[in-house]
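Biologist: I am new to this structure and would like to learn how to read it one feature at a time. Could we look at it together, beginning with a single element and working outwards?

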Amino acid sequence: MNGFPALEVEKRRTVPRWLQFIAPIISLVLALVAIGIIFQALGIDPLFAYEEIFNGAFGSSYGFSETVVKSIPLMLTGIGLTLAFRARFWNIGAEGQLLIGATCATGLALAFPDWPRWLIMPLMFIIGFIGGALWGIIPALLKARWRVDEVITSLMLVYIASNLVNYLVYGPWKGPEEMGFPYTSKFSEAAQLPRLSWTRIHYPTLIIGIVIAVVIYLLLTRTKWGYEIRVTGENPSAARYAGMSYLKTLLLVMIISGGLAGLAGVGEVAGIHFRLRYPEGISPGYGFTAIIVAWLARLNPIGAVLTSLLLGGLLVGGDAIQISLGLPGATIFVFNGTILLFVLGGDLFARYRIRVKSKTEG
Amino acid sequence: MQFILSALRAAIPAGTPLLFGTLGEVYTERSGVLNLGIEGMMIMGSVTAFGVAHTTGNVWLAILLAALAGGLLALLHAFASITLKVNQVVSGLAITMLGLGVSGMMGKRYIGQPLDAGFTAVDIPLLSDIPIFGPLLFQFDPLVYLAILLVPLLWFVLYRTRWGLSLRSVGESPATADALGVNVVAVRYGAVFFGGLLAGVGGAYLSVVYAPAWIEGMTAGAGWIVIALTIFAMWDPLRALLGAYLFGGVRVLQYRLQPLGISPNLLAMLPFIFTILVLVASAGEAMRRRIGAPAALMQPYTREER
C-alpha cells in the first residue's frame with residue numbers, strides 16, 4: 001500500500017517524564033508561531049501584536065490584576081471540565097451552565113435586596129451552583145438514557161441559555177433606572193462580593209476556586225471515585241461489568257462540572273458587574289476558553305489553576321490588541337483554536353513517535 | 001393555503017445551507033470521521049464568498065472559492081484526525097474556533113458593506129407557469145436546485161456504485177476494507193475534503209444569497225445543527241433533504257410568529273430546542289430500528305502488523 005501521506009504514527013512504550021511536562025510548553029510556543037503566521041498573512045505585524053498582548057496582560061500591575069480577574073471564571077469552569085473530559089463526557093456547554101448560574105444568583109439578589117450579606121452571599125453561590133448543575137445534567141441524562149450525543153445537546157443548551165438571558169434583561173428583569181440598557185437593576189451592597197483594594201479581583205471566588213482545585217485533585221487521586229471516573233471514560237462496558245453505574249458516575253461528574261461553571265457565573269455578576277447584563281457582557285466565551293484551560297492542564301485540576309492564568313492573560317492581551325490594532329472581537333478565537341490544535345498535537349508527540357514511511361515498506 | 005405555500009417557499013432557501021452542510025457531513029461520517037468543524041468551515045465559506053463577490057462581482061467564482069476555503073480547513077481536520085489520529089471531538093472544536101476567529105479578522109472590512117452581485121431566480125419551464133404553485137415553488141436561485149440535485153446523486157453514488165461501497169466499508173470496518181484493497185486513508189481524506197467543500201458552499205449561500213451581507217459569526221450555530229441533522233438523517237442523503245427543509249421551516253416559523261407579540265429572544269430558542277427534541281427522537285428511532293452511526297465513527301485506523 002502506498003501510504004497517503006507517507007507518515008506513520010507508532011506508540012511509545014513509555015512516556016519520559018520530562019516529555020510529559022515539556023510537550024505542552026513546546027506546543028504553546030509552536031502555536032504562537034503559527035498564530036504569528038496567520039497574523040502576518042492578514043497584514044498584521046505579529047511581533048508588534050505579541051508585544052502589545054504581553055504588555056497588556058503582564059506589563060503593568062493593572063494589566064496583571066485584570067489577568068487574575070479573567071482567570072477566576074476560567075479556573076472554576078476549567079476545573080469542572082477536567083472532570084467531565086476524564087469521564088470522556090464532552091461537555092461543550094459550560095458557557096450555558098455559567099450563564100444559568102449567573103441568572104439564578106441574579107434572581108435571588110433581586111428578589112431579596114434587604115437580606116444581610118452573611119445570608120445572601122452563600123445562598124447566591126449555592127443557587128448558582130444548583131442552576132449550573134441542573135443545566136449540566138440535562139445532556140448527561142439524555143446521554144445515559146437514550147445515548148443522545150452530548151456535544152450537540154450541551155452546545156444547544158448554550159444557545160438556549162444565552163437567549164434566556166437576553167429575554168430577561170430586555171424584558172421582565174430590565175432595570176427601570178438603567179437608561180434603556182439591557183441590564184437588570186444593580187444588586188444591593190450585601191449581594192456584591194468584596195474586591196482586593198483597587199483591583200476588580202473578587203477574592204472570595206478566587207479562594208473558592210483554588211480550594212476546589214485541591215479538593216477535586218485529592219478526590220481524583222485518593223478515592224475510589226476518581227478511579228471510577230477514569231474507567232467509565234476509558235471503557236464504559238468494563239465499568240458496568242465492575243458494578244459501576246454509568247448513569248450515577250455521569251450525573252455526579254456533570255453536577256460538579258455544571259455546578260462549578262455556575263459558580264463562575266455567580267462570581268461574574270456578584271463580583272464584576274453587580275447586575276445581569278446581555279450574555280456577551282457577562283462572558284466573552286469563558287466556557288469555551290475553559291476547554292483549552294482543561295486540555296492544556298492535561299486534565300489536572302491543579303494544573304488548571306496555572307493554565308487559567310495563562311489564558312486569562314491572553315484574554316486581557318487580546319482586548320489590548322483589539323483596541324490598539326483595531327481587530328474584531330473574534331480575534332481571540334484564532335488564539336483559542338490554534339492553541340487547542342497544537343496542544344492536541346503536542347499530546348500526541350509525547351505519547352507517540354512519528355516516522356516517515358518509505359515506499360518499500362508495508 | 002396561501003400561508004402554507006408561502007411558508008414552504010421560505011423554508012426551502014432557509015434550509016438550503018443546512019442541506020449542503022448535511023450532505024457533506026453524511027459523506028464525512030460515512031467514512032468514519034466525525035467533523036465537528038462544520039461551523040468553522042461554513043463561516044469561512046461565508047466570509048470568502050462575500051469578499052470575492054464584493055470585489056469581483058462574480059458570484060460563481062465566490063461560491064467556488066468559498067468551497068475551497070471550507071475544503072482547506074477540512075484538510076486540516078483530516079490531517080489531525082486521520083494522519084495524527086488525535087481526538088476528533090477536540091480537533092473539530094478547535095477548527096470551529098479557528099474558522100470563527102479567522103473569518104472575523106478577514107471580514108472586518110466588509111461589515112456594513114452592501115453586495116451588488118447576486119443570483120437571479122431561475123424559472124423551471126412549464127412548472128413555474130402553474131398558477132399559484134408555479135411562482136411559489138419553482139422560482140428559486142440556482143443553488144437551491146443544485147442542492148436538490150445533489151440529493152439523489154449522492155444517494156446513488158453512496159448505495160449503487162463501487163465508490164460508495166468503498167466509502168461505506170471504510171466507515172464500517174476499515175480493516176476489512178483495507179484487506180480488500182481499499183485505500184482507507186485516501187478514502188477518508190477524500191470524504192472529509194468533500195464535506196468541507198459542501199460546508200463552504202452552505203456558508204457562501206448564507207452571505208451571498210440568503211441574507212447578502214457579512215456579519216461576524218453569521219452562521220450562528222447552523223454548523224452545529226448540521227451535525228444534529230446528520231444524525232436525524234441516519235446518514236442517508238434522502239433523509240437529509242427532509243431534515244434540512246424541516247429546520248428551514250422552524251427558522252421561518254421563528255420570524256412568522258414575531259408579529260404575534262412573542263418575545264424574539266424566546267422565539268430564537270426554537271431551532272435549538274427543536275434540535276434537542278429531534279436528537280432524542282432520532283435516538284429512539286435508531287434504537288428501535290437498530291440503525292446506528294457508522295461502526296468505525298471516530299476510530300482512527302492503524303493497520304495491524306502482518
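Biologist: What should helix 3 of chain B span, given its 25 residues?

Modeller: This is a predicted model, and a helix in it can be checked by comparing its expected span with the separation of its ends. At 1.5 Å a residue, helix 3 of chain B, which runs over residues 59–83, should span 36 Å, and because its end C-alpha atoms lie 35 Å apart, the two values agree.

Biologist: How many of the residues in helix 3 of chain B are buried?

Modeller: Burial is judged by counting neighbouring C-beta atoms, with 20 or more within 10 Å making a residue buried. Helix 3 of chain B is mostly covered, since 18 of its 25 residues are buried. Just after this helix, B:Lys85 takes a positive phi of about 60°.

Biologist: And what secondary structure does chain B have as a whole?

Modeller: Chain B comes to 13 helices and two strands. For the overall form, one can set the radius of gyration beside that of a compact globule: with 306 residues such a globule would have a value near 19 Å, and chain B has 19 Å, so the two agree. The C-alpha trace of chain B spans about 65 × 45 × 40 Å along its principal axes, and buried residues make up 53% of the chain. Of the contacts in chain B with a separation of 6 or more, 78% are between residues 24 or more positions apart.

Biologist: How many residues does each chain bring to the contact between chain A and chain B?

Modeller: Chain B brings 46 residues and chain A brings 44. On the side of chain B that touches chain A, helix 3, helix 4, helix 9, helix 10, helix 12 and helix 13 each supply at least two residues, and helix 4 gives the most, with 14. By residue class, that side of chain B divides into 31 nonpolar, twelve polar and three charged residues.

Biologist: Is A:Ile332 buried or exposed?

Modeller: A:Ile332, which is found in helix 14 (residues 331–351) of chain A, is buried, because 26 other C-beta atoms lie within 10 Å and the cut-off is 20 or more.

Biologist: Which residues does A:Ile332 touch, not counting those up to four places away in sequence?

Modeller: With those left aside, A:Ile332 touches A:Leu315 and A:Gly318 in chain A, together with B:Gly101 in chain B. As for distance, A:Ile332 and A:Ala264 are 68 residues apart in sequence and 20 Å apart in space, taken from C-alpha to C-alpha.

Conventions
Residues are numbered from 1 along each chain as its sequence is written. Chains are lettered from A and ligands numbered from 1 in the order in which they are written. This is a predicted model: local features need pLDDT of at least 70, side-chain atom pairs count only at pLDDT 80 or more; totals for chains, interfaces and linings use all residues. Helices (H or I, at least four residues) and strands (E, at least two) are DSSP runs, numbered from the N terminus. The radius of gyration is taken over C-alpha atoms; the globule rule is 2.2 Å times the number of residues to the power 0.38. A residue is buried if 20 or more other C-beta atoms lie within 10 Å of its own, exposed if 12 or fewer, and partly exposed in between; C-beta atoms are placed from the backbone. Two residues are in contact if their C-beta atoms, placed from the backbone, lie within 7 Å. The expected span of a helix is 1.5 Å times one less than its number of residues. Ala, Val, Leu, Ile, Met, Phe, Trp, Tyr, Cys and Pro count as nonpolar, Asp, Glu, Lys and Arg as charged, and the others, Gly among them, as polar.
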